[in-house]
Amino acid sequence: MKHELDGRIIRVVKAEILEGHTVAITFDDGKVTVIDFKPFLLAHPHECSDYLLDEEEFAKNMEIVYGDLVWGENYDLSFPIGNYYFGDLEGDYE
């Protein structure tokens with residue numbers, strides 16, 4: 001099933017690590033999505049983001065930039081907002 005944002009502009013307003021690589025993401029419309037990023041990191045190894053498998057590095061490098069959730073100064077890990085919103089890092093959302 002394909003989800004769509006129907007042209008809405010959604011922003012991340014809060015991101016909190018619950019445990020390990022699991023993050024509660026709060027959006028400006030009040031929705032909260034919980035995502036475990038570790039399965040994605042393990043399934044998609046990459047030299048730019050492998051350091052994020054370390055829980056301390058993952059937490060230390062997580063930040064909200066212009067309403068988007070990213071890791072690292074060079075955006076070593078980031079996803080389109082729809083992936084966060086619908087809790088599916090592999091999906092294609094508009």
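Two strands are taken to pair if DSSP finds at least two bridges between them, and the strands themselves (E, at least two residues), like the helices (H or I, at least four residues), are DSSP runs numbered from the N terminus. The structure described here is a predicted model, in which local features need pLDDT of at least 70 and side-chain atom pairs count only at pLDDT 80 or more, while totals for chains, interfaces and linings use all residues. Residues are numbered from 1 along each chain as its sequence is written, and side-chain values use heavy atoms, with hydrogens and water left out.

The chain holds three helices and six strands, and read from the N terminus its elements follow the order β-β-β-α-α-β-β-β-α. With the radius of gyration taken over C-alpha atoms and the globule rule set at 2.2 Å times the number of residues to the power 0.38, the chain has a radius of 13 Å, close to the 12 Å that the rule gives for 94 residues, so it is as compact as a globular protein of that length. The C-alpha trace spans about 35 × 25 × 25 Å along its principal axes. Of the 94 residues, 38% count as buried, where buried means under 20% relative accessible area, exposed means over 50%, and partly exposed lies in between (1.4 Å probe, protein chains only). If contact is defined as heavy atoms within 4.5 Å, then 44% of the contacts between residues at least 6 apart in sequence join residues at least 24 apart.

One open sheet consists of three strands in the order S1-S2-S3, paired in the antiparallel sense. Its edge strands are S1 (12-19) and S3 (32-36), each of which pairs on one side only. Neighbouring strands of this sheet are turned by 20° against each other on average, direction ignored; the axes behind this value are lines fitted to C-alpha atoms, for helices over the stretch in contact, with angles running from 0 to 180 degrees between N-to-C directions. Six bridges hold S1 in antiparallel pairing with strand S2 (residues 22-27), and within S2 it is Phe-27 that serves as the bridge partner of Val-12. On the S3 side, S2 is joined by five bridges, again antiparallel, with Thr-26 standing opposite Val-32 in S3. The hairpin of S2 and S3 has four residues between the strands, and in it Gly-30 takes a positive phi near 95°.

The side chains of S3 alternate along the strand: Thr-33 and Ile-35 point to one face and are buried, whereas Val-32, Val-34 and Asp-36 point to the other and are not. Thr-22, in strand S2, is buried at a relative accessible area of 19%, and, leaving aside residues up to four places away in sequence, Thr-22 touches Glu-16, Ile-17, Val-34, Ile-35 and Asp-36. Ala-15, in strand S1, counts as partly exposed at 22% relative accessibility. With the same sequence neighbours left aside, Ala-15 touches Val-23, Ala-24, Met-62, Ile-64 and Leu-69.

Two of these contacts of Ala-15, Ile-64 and Leu-69, stand opposite each other, with Leu-69 lying in S5. A further open sheet of three strands has the order S4-S5-S6 with antiparallel pairing, and its edge strands are S4 (62-65) and S6, each pairing on one side only. S4 and strand S5 (residues 68-71) run antiparallel and are joined by four bridges.

The aromatic residues add further links. Rings of Phe, Tyr and Trp (its six-membered ring) pair if their centres lie within 6.5 Å, with planes under 30 degrees apart counted as stacked, over 60 as edge-to-face and the rest as tilted; a search of the whole structure finds nine such pairs. Phe-27 and Tyr-85 form an edge-to-face pair, 4.9 Å centre to centre with 70° between the planes, which links strand S2 to helix H3 (residues 81-86) across 58 residues. Both of these residues are buried. The rings of Phe-40 and Phe-79 have centres 4.9 Å apart and planes at 80°, so this pair too is edge-to-face; Phe-40 lies in helix H1 (residues 38-43) and Phe-79 in the loop between strand S6 (77-78) and H3, 39 residues apart. Phe-40 and Phe-79 are buried, and they belong to one aromatic cluster with Phe-37, Phe-58, Trp-71 and Tyr-84.
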